[in-house]
Amino acid sequence: MQNNLFLAGLLCVISMSSVAKEGDLKQEVKIKAVSQTADIKNNQLIFFGPVEVTQGSIKIHASELRAYSPENDGAKVLVAIGDPATYSQILDDGRPASASAKEIRYELASRTLTLKGDASLDQAGSQVKGNLIRYNIGEQKLIAESSGDGDDRVITIIQPETYQEEPKPMPQSEPQVNQQEQE
């Protein structure tokens, strides 16, 4: 029971609380998996997949999901593994946000989201891609790194913002009808 509460708490926080859709955090966490194991001695839950986690508009898909809290330091960690593991959410302003990587790791104590292996972070069409992306939610700092091999580079794509409204079509004037007075 305590492990289930721990996992639910972790999943609530992973939703990037600084930009999370308010209603998502109040929804139940639902985990669908082929099987699960609980290692109570080591304070670890493992879900085997495909695994699907939902909480409101938040969706996580992975081959395996691990939630644990090492006793020696008390740090709580959630790790989604896949080829790729994916995370998606609709933000309060209605824009979609998504992430994918071979490993998506969230560390509760440092409020750090780390994407490893073919990592991609996308918000409303703007995108960052690299071998490793680390995002500190509290400090709102992002670090992206390439593998350094060959031509592998970090790629950032920023969509232009619309600074002015699109011109509206001019209303067509209707022909005036002259009415003659009847005598």
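Start by selecting Thr 112, which sits in strand S7, the run covering residues 112-123. Keep in mind as you click around that this is a predicted model. Is Thr 112 buried or exposed? It counts as buried, because its relative accessibility is 8% and the cut-off for buried is under 20%.

Now show the side chains around it. The side chain of Thr 112 makes a polar contact with the side chain of Ser 110, at 2.9 Å. Next, bring up the contacts beyond four places in sequence: on one side of the numbering you get Arg 105, Tyr 106 and Glu 107, and on the other Arg 134, Tyr 135 and Asn 136.

**Next stop: Lys 32**

Jump back along the chain to Lys 32, found in strand S1 (residues 30-32). How exposed is Lys 32? The residue is partly exposed, with a relative accessible area of 44%. Leave out the neighbours within four places in sequence, and Lys 32 is in contact with Pro 50, Val 51 and Glu 52. For a distance check, draw a line from Lys 32 to Phe 48: C-alpha to C-alpha it should read 9.3 Å, with the two positions 16 residues apart in sequence terms.

**Follow Glu 52 into the hairpin**

Glu 52 is your handle for the next step, so keep it selected and add His 61: Glu 52 stands opposite His 61 in S4. Now colour the two strands. S3 spans residues 44-55 and S4 spans residues 58-68, and they pair in the antiparallel sense over 10 bridges. What links S3 and S4? They form a hairpin with 2 residues between them. Click Gly 56 in that turn and check its backbone torsion: phi is positive, about 60 degrees.

Stay on S4 and add strand S5, residues 77-90. S4 and S5 run antiparallel too, joined by 8 bridges. To see one of the pairings, select Ile 60 together with Tyr 87, its bridge partner in S5. While the side chains are on display, a rule of thumb: in a regular strand they alternate between the two faces of the sheet.

**Zoom out**

Finally, switch to cartoon for the whole protein. You'll find 1 helix and 10 strands, in the order α-β-β-β-β-β-β-β-β-β-β from the N terminus. Turn on a surface: the accessible area comes to about 12200 Å², with 48% of it belonging to carbon and sulfur atoms. Of the 183 residues, 32% count as buried. And if you plot a contact map, look away from the diagonal: among contacts between residues at least 6 apart in sequence, 41% join residues at least 24 apart.

Technical notes:
Residues numbered from 1 in each chain as written. Predicted model: local features only at pLDDT ≥ 70, side-chain atom pairs only at ≥ 80, totals over all residues. Heavy atoms only, no water. Pairing = 2+ DSSP bridges. Helix = DSSP H or I, 4+ residues; strand = E, 2+ residues; numbered from the N terminus. Buried < 20%, exposed > 50% of the residue type's maximum accessible area, 1.4 Å probe, protein only. Contact = heavy atoms within 4.5 Å. Areas by Shrake-Rupley, 256 points an atom, 1.4 Å probe, with all protein chains shown as cover. Polar contact = N/O pair within 3.5 Å; in protein donor to acceptor, adjacent residues only side chain to side chain.
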